[in-house]
Amino acid sequence: MEKMGAADSQVEDLFGQKKRVKNPLVPVGALLTAGVLTAGLISFRQGNSQLGQKLMRARVVVQGATVALMVGSAYYYGDRFMVSKK
């Protein structure tokens, strides 16, 4: 029974440390993506398809940047976490 408690405390430590290294730019990128998507859909609805196309292309760029931030921060903090844990 003792081992189970030790494992639980290790899991809590792991999740507690991961929360501290969260990248604040990822939610900003997600909000930007949603904002550009919304503006593009509004443009299409109003009949301005040229602006809507530009906004959809901008959405792809912003979404790609957000994914790159997510992968980059996971790689950066993942390496730092593993090195410090050893």
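This passage describes the helices of a predicted model, with attention to a few residues on helices α2 and α3.

The overall layout is a good place to begin. The chain contains three helices and zero strands, giving the pattern α-α-α when read along the sequence. Buried residues account for 15% of the 86 residues. The chain exposes about 7,000 Å², and carbon and sulfur atoms supply 64% of that area. Among contacts with a separation of 6 or more, 53% join residues 24 or more positions apart.

Confidence varies along the model. The mean pLDDT of the chain is 79, and 65% of the residues score at least 70. Among the elements, helix α1 (residues 2–20) has the lowest mean pLDDT, at 57, whereas α2 has the highest, at 92. Where pLDDT is low, the predicted coordinates should not be read in detail. The residues described below belong to other parts of the model, beginning with helix α2, which spans residues 25–46.

The UniProt record, an unreviewed entry, places the feature "transmembrane region" at residues 25–44 and 56–77. In the model, residues 25–44 are 100% helix and 0% strand, with the end C-alpha atoms 29 Å apart. Residues 56–77 are likewise 100% helix and 0% strand, and the C-alpha atoms at the ends of this span lie 31 Å apart.

Two residues of helix α2 serve as examples of buried positions. Thr 33 is found in this helix and has a relative accessible area of 13%, so it counts as buried, the cut-off being under 20%. Leaving out residues up to four places away in sequence, Thr 33 touches Arg 59, Val 62, Gln 63 and Thr 66. Ser 43 also lies in helix α2. With a relative accessible area of 5%, Ser 43 is buried too. With residues up to four places away again set aside, the contacts of Ser 43 are Asn 48, Leu 51, Gly 52 and Leu 55.

Other positions on helix α2 are open to a greater degree than the buried cut-off allows, because buried means under 20% relative accessible area. Ala 34, found in helix α2, is partly exposed at 38% relative accessibility. Ala 34 and Gln 63 are 29 residues apart in sequence, and their C-alpha atoms are 9.0 Å apart in space. Leu 37 belongs to helix α2 as well and is partly exposed, with a relative accessible area of 32%. Together with Leu 41 and Phe 44, Leu 37 makes a nonpolar surface patch of about 250 Å².

The view from helix α3 adds a partner to this picture. Arg 59 is found in helix α3, which covers residues 49–85. At 21% relative accessibility, Arg 59 counts as partly exposed, because buried requires a value under 20%. Apart from neighbours within four places in sequence, Arg 59 is in contact with Thr 33, Val 36 and Leu 37. The C-alpha atoms of Arg 59 and Val 36 are separated by 5.6 Å, although the two residues are 23 residues apart along the chain. Arg 59 thus touches both the buried Thr 33 and the partly exposed Leu 37.

Key: Residues are numbered from 1 along each chain as its sequence is written. This is a predicted model: local features need pLDDT of at least 70, side-chain atom pairs count only at pLDDT 80 or more; totals for chains, interfaces and linings use all residues. Side-chain values use heavy atoms; hydrogens and water are left out. Helices (H or I, at least four residues) and strands (E, at least two) are DSSP runs, numbered from the N terminus. Buried means under 20% relative accessible area, exposed over 50%, partly exposed in between (1.4 Å probe, protein chains only). Contact means heavy atoms within 4.5 Å. UniProt positions are given in the numbering used here, feature names are shortened, and annotations may be inferred rather than shown by experiment. Patches are made of residues with over 30% relative accessible area and no salt bridge: like charges are joined within 9 Å, nonpolar side chains (Val, Leu, Ile, Met, Phe, Trp, Tyr) within 5 Å. Accessible areas come from the Shrake-Rupley method with a 1.4 Å probe; for residues, only the protein chains shown count as cover. A salt bridge is a side-chain nitrogen of Lys or Arg within 4 Å of a carboxyl oxygen of Asp or Glu. pLDDT is the predictor's confidence in each residue, from 0 to 100.
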